[in-house]
Amino acid sequence: MIKNALTYRSLLSLLMLLGLLLHGKTQDLENINKEDLFTYGGGISVTNTFYHSIGTPSQRDPYFWQVNANLNLSFMNIVNAPFSFTISQQNKSFSQPQPFNRFGISPTYKGLTVHLGHRTLSFSDFTLAGNLFFGVGLEYKPDHHPLRVSAMYGRFAKPVDKFAQDGQIYAIPTYRRIGYGVKVGFETREHNAAVMFFKSADDASSITLADSTAIDLSLTPEENLVVGVEGGFKFFDRFKIQGEYAYSMFTRNSNIPELFINDYSFVNNLAGLYTPNASSLFTNAFKGDLTYSGDMFQANLRYRRVDPGYTTHGSSFLNNDLEDITAGLSIPLFKNKLNLSTNAGIQQNNLDNQSTAQLRRFIFSTSANISATDRLNIGLNFSNFSTNTRQVLIRTDVLSDTLEFFQVTRSAMSTINYQVSKENRSALFVTGNFQDANDNQGNTSNFQSANAGYSFSVGKMVQFNTSMSFNKSESSGFTNMTYGPIIGASRPFFKNKVRSNLSVSVLN
C-alpha cells in the first residue's frame with residue numbers, strides 16, 4: 001500500500017509540473033525579432049480503464065492506467081526539441097525496472113535533427129525499418145541541398161535472464177543487442193539515390209542462462225550485417241520508377257568459430273564488421289515500382305522478391321520466401337465525387353525449391369469512395385485472396401504423391417457517414433465488415449461485425465456519442481458472438497487546453 005501511494009503521489013506531482021509548463025505563458029525578452037524567445041507546446045493524456053466480467057472468468061486486470069505526454073520546446077522558432085514519454089502500471093522487473101516505459105527527445109536545428117533516448121529511424125524496408133532503439137541518432141536534410149544523411153547507434157534489446165518457476169517460463173530470455181547504421185544519399189523532386197548499411201550483434205556475455213529448472217529455449221547470440229541501395233527517377237514527365245536492393249549476412253550462432261566461405265569469400269574480409277561461420281546465411285531482397293500518372297487515371301506495376309530466410313534485426317517482422325507481381329489502377333470520376341481503385345496480382349513461395357509445399361496466391365482488391373453529397377460519404381472495399389498449395393509426399397518406395405490444398409478468403413467492408421446538422425454537429429454512421437474463408441477440405445470460418453451510432457453536441461461544449469456494436473465469429477464448429485451498447489461523452493475545459501472523455505460499454 002505504501003509503495004502504491006508513493007507511486008500515485010509521484011505521478012500526480014509529475015502531472016502538476018508538466019501542466020504548469022504546458023500552460024505557462026511565453027517569455028518575451030526584449031521582443032527579439034517580434035517573436036517569443038521560448039515557446040512551449042504539448043499535451044498530456046491520462047487513460048483509466050475499469051473492467052468487470054459477469055458469468056465468465058475475467059480476461060484482464062480490473063483496473064489499468066497509462067499516461068502519455070509530449071512536450072515541444074522551441075527557441076526563436078529555430079531550434080525545436082520535441083520530448084515524449086509513456087508511463088503505465090505494466091512495469092516488469094525483468095524487462096523495464098525504471099518507472100518510464102519509454103522516453104526520448106528529438107531537437108531540430110534547421111536541417112539537422114538529433115534523436116536521444118527511445119527513438120525510431122527508418123532507412124528502408126529491408127535494412128533498418130523503424131525498430132525502436134535506445135541510443136542516439138541524427139538526420140541531416142538541408143532545405144536547399146539534395147544531401148540526405150541518417151545515422152544511429154543504440155540498444156535494440158535489453159539483457160533478460162531466464163526467469164522460471166515450476167517449469168513455467170515467465171520471461172523469454174534475450175541478449176543485449178547493440179546496433180548501428182548509416183544511410184547517405186541525395187534527393188530531389190524527380191530523382192533520388194542512397195546507399196546504406198546496418199550492423200547489429202548480440203552480447204553473448206550479457207546473460208547467464210544458468211537456470212537449470214527452466215525449459216531449454218536453445219537461445220544463441222546472433223549477428224547481422226545488411227547493406228543496401230535504393231534509387232528512383234522520373235522520365236517522360238509521367239513515368240516514375242523506384243527500387244531497392246538489400247543483401248543480408250545473418251549468423252544464427254556467433255559462438256561458433258569463424259569459417260572461411262568459398263562461395264562468398266569477401267565476407268571474410270570486411271575489416272571486422274562481420275564474422276561468418278557454419279550458421280551464417282546470405283540472402284537477397286529486391287522490390288521495384290513503376291508508376292504512370294495520367295490526366296484521368298494512375299497505374300502502377302510492382303515486383304518484389306525476398307529470399308528464403310532473409311532477416312534483418314532492423315525490422316520487427318519481415319516476410320521472406322516470397323515473390324509477387326501486382327498491378328494497380330485508380331480512377332477519379334464525376335469531379336472526384338467517385339474514386340475507384342483496384343489491385344491484382346500473383347504471389348508464390350518456395351523460391352529455392354527446398355520446401356515440400358508450393359504455395360500460390362491470387363490477390364485481388366477493389367475499393368470505392370463516394371462523396372454523394374456534401375453531407376453523405378460512402379466507402380466500399382472488397383478483396384479476394386485465393387491460395388493454392390501443392391505438397392509433395394516422399395514415400396519409402398521411391399514413389400511420390402501429391403496433395404492439393406485450395407483456400408479462398410473473401411472480405412468486404414462498408415462505411416456510411418451522414419452529417420445530420422452542422423449547428424449541433426450531429427452525424428449518423430454505420431460500418432460493416434464481413435470475412436470468410438473456405439477450402440477444399442471442408443473447413444470454413446467467417447467473421448462479421450457491425451457498428452451503428454449517432455453523435456451530437458449539447459451547446460458548444462459537450463459532445464455525446466452513442467452506438468451499438470455487434471461481432472460474430474464462427475470457426476470449427478464454435479460460435480462466439482458479442483453485442484451491446486457504447487455510450488460516450490467529451491467536454492473541453494480551460495479554453496480547449498484540457499479535454500475529458502468518458503465512455504462506457506456493456507458487452508454480452
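This report walks through the overall make-up, a set of paired strands and the nonpolar cores of a predicted protein model.

## Overall make-up

Let's start with the whole chain. The secondary structure consists of one helix and 26 strands. The protein has 508 residues, and 29% of them count as buried.

About 31,600 Å² of the protein is exposed, with carbon and sulfur atoms supplying 57% of that area. If you are thinking about contact order, take the contacts between residues at least 6 apart in sequence: 48% of these join residues at least 24 apart.

## Strands around β8

Strand β8 (residues 147-157) is a handy place to look at pairing. It runs antiparallel to strand β7 (residues 133-140), and seven bridges join the two. A hairpin of six residues links β7 to β8, and Val136 stands opposite Tyr153 in β8.

β8 also pairs with strand β11 (residues 176-187), again in the antiparallel sense, over 10 bridges. Here Gly154 has Gly179 in β11 as its bridge partner.

## Nonpolar cores

The largest nonpolar core is made of eight residues: Leu121, Phe123, Leu128, Phe133, Met152, Phe156, Met196 and Phe198. Two elements, β8 and β12 (191-203), each give two or more residues to this core. A second, separate core has seven residues, among them Val226, Ala246, Val306 and Tyr310.

Which residues does Leu121 touch, leaving aside those up to four places away in sequence? Its contacts include the core members Leu128, Phe133 and Met152. Leu121 also touches His115, Ala129, Gly130, Asn131, Gly137, Leu138, Glu139 and Ala151.

Terms used: Residues numbered from 1 in each chain as written. Predicted model: local features only at pLDDT ≥ 70, side-chain atom pairs only at ≥ 80, totals over all residues. Heavy atoms only, no water. Pairing = 2+ DSSP bridges. Helix = DSSP H or I, 4+ residues; strand = E, 2+ residues; numbered from the N terminus. Buried < 20%, exposed > 50% of the residue type's maximum accessible area, 1.4 Å probe, protein only. Contact = heavy atoms within 4.5 Å. Areas by Shrake-Rupley, 256 points an atom, 1.4 Å probe, with all protein chains shown as cover. Core = buried A, V, L, I, M, F, W, Y, C linked by side-chain atoms within 4.5 Å.
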